[in-house]
Amino acid sequence: MRTLVLQHIACEPPGVFEDVLRERGTKLHRVELDEGDALPDWRAFDAIVAMGGPMSVNDDAELRWLADEKRLIGEAVRSGTPFWGVCLGVQLLAASLGARVFQGRAPEVGLLPVELTDDGRADPVFGEFDDRLVTLQWHGDTFDLPEGAVRLASSPAYANQAFRFERAYGVQFHLEVSVEMAREWAEVPEYVASLERTLGADGAPAFLASIEESADGMRAAGRTLFERWLDRVALPTPAR
């Protein structure tokens, strides 16, 4: 299996999702768009994984590569290529399918629950989880549900937390983060400033500490979701 990884900052790799891919002998092609890496032809890959980043989907004027990335995702997903998007990745998926991505009422930051919808409880990837899933939230933008998409999870703050579109899945939250990744995030000035604006100077260290405490449990849930996506959505050949 050949997987294209779309990465937008060095400290937000696929984490436990990458662990699963490597355990299965997957060939990874990582593109670090913020470093100027060129986008390849998506047709050379069996799946695409798109991760988070500090930028907005709408920063096309400053980041010219965003338009090309959204075009690639839209073409690949509508052609049936399996896709897994996280945080910025789900917003890129929504935008590439014609939905609006916009600044939310307030940032959603913390270890917070999401609730599965009725469709989520019946979904082959999410369906065997408990109705409530504790997740790492760290975003200010949100999105409308694309036409033809199915909402899988919601939170009190934002209705659209996870959705599927054919063989593409996107989640607004993080379940892939290791302790080491959390510590790297604490070294990124934009991330620290964002936390201090939202949680206060005292709240930021406590939040990062809580990630370290909960990382193993969240990663276990993330591993299960991703393995189900691989086994039940990405790897099976769709009927013609």
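What follows is a set of questions and answers about a predicted model.

Colleague: In what order do the nine strands of the open sheet stand?

Modeller: The pairing in this sheet is mixed. Neighbouring strands are turned by 20° against each other on average, direction ignored. The order is β2-β1-β3-β4-β9-β8-β7-β5-β6.

Colleague: Which strands stand at the edges of the sheet?

Modeller: An edge strand here has a single partner strand, so one side of it is left without a neighbour in the sheet. The two strands in that position are β2 (27–32) and β6.

Colleague: How many bridges join β5 and β6?

Modeller: Strand β5 covers residues 101–116, and β6 covers residues 132–143. One of the facing pairs is L111, which stands opposite L136 in β6. The two strands pair in the antiparallel sense, and the number of bridges is 11.

Colleague: Is β6 largely enclosed or largely open?

Modeller: β6 stands at an edge of the sheet, but burial is counted residue by residue. Of its 12 residues, nine are buried. The strand is therefore, with respect to the rest of the structure, largely enclosed.

Colleague: Is V134 buried, partly exposed or exposed?

Modeller: V134 is found in strand β6. Its contacts beyond four places in sequence are L112, P113, L175 and M218. Buried requires under 20% relative accessible area and exposed requires over 50%. V134 has 48%, so it counts as partly exposed.

Colleague: How far apart in space are V134 and V114, C-alpha to C-alpha?

Modeller: In sequence the two residues are 20 residues apart. V114 falls within the range of β5, residues 101–116, and V134 is found in β6. These two strands pair in the antiparallel sense. The C-alpha to C-alpha distance is 6.4 Å.

Colleague: Which residues of β3 point the opposite way from A47 and V49?

Modeller: In a regular strand the side chains alternate between the two faces of the sheet. In β3, A47 and V49 point one way, and all four residues in question are buried. Those pointing the other way are I48 and A50.

Colleague: Which residue stands opposite I48 in β4?

Modeller: β3 has parallel partners: four bridges join β1 to β3, and three bridges join β3 and β4. Towards β1, A50 in β3 has L6 opposite. Towards β4, the residue opposite I48 is F83.

Colleague: What is the handedness of the unit made by β3, α2 and β4?

Modeller: The two strands of this unit, β3 and β4, pair in the parallel sense. Together with α2 they make a β-α-β unit, and the unit is right-handed.

Colleague: What distance does helix α2 reach from its first C-alpha to its last?

Modeller: The helix has 14 residues, from 65 to 78. At 1.5 Å a residue, the expected value is 20 Å. α2 is followed by G80, whose phi is positive, near 95°. The span of α2 is close to the expected one, at 20 Å.

Colleague: Which elements do the buried residues of α2 pack against?

Modeller: The buried residues of this helix include W65, L66, E69, L72 and I73. They pack against strands and a helix, namely β1, β3, β4, α3, β8 and β9.

Colleague: Which residue forms a salt bridge with K70?

Modeller: Side chains of opposite charge can pair when their charged atoms come close. The closest N and O atoms of this pair are 3.0 Å apart. K70 lies in helix α2 and its partner in the loop between β3 and α2, so the pair ties together parts that are 10 residues apart in sequence. K70 counts as buried at 16% relative accessibility, and its partner is D60.

Colleague: How many residues apart in sequence are the parts tied together by E23 and R223?

Modeller: E23 forms a salt bridge with R223, with the closest N and O atoms 2.9 Å apart. E23 lies in helix α1 and R223 in helix α7, so the pair ties together parts that are far along the chain from each other, by 200 residues.

Colleague: How many salt bridges does the count come to?

Modeller: One of them joins the side chains of D41 and R43, at 2.9 Å, N to O. There is also a network of salt bridges that links E18, R22 and R30. The count comes to 17.

Conventions: Residues numbered from 1 in each chain as written. Predicted model: local features only at pLDDT ≥ 70, side-chain atom pairs only at ≥ 80, totals over all residues. Heavy atoms only, no water. Buried < 20%, exposed > 50% of the residue type's maximum accessible area, 1.4 Å probe, protein only. Contact = heavy atoms within 4.5 Å. Pairing = 2+ DSSP bridges. Expected span 1.5 Å × (residues − 1). Salt bridge = Lys/Arg side-chain N within 4 Å of Asp/Glu carboxyl O. Axes fitted to C-alpha atoms, helices over the stretch in contact; angles between N-to-C directions. Right-handed = clockwise from strand over helix to strand, strands pointing away.
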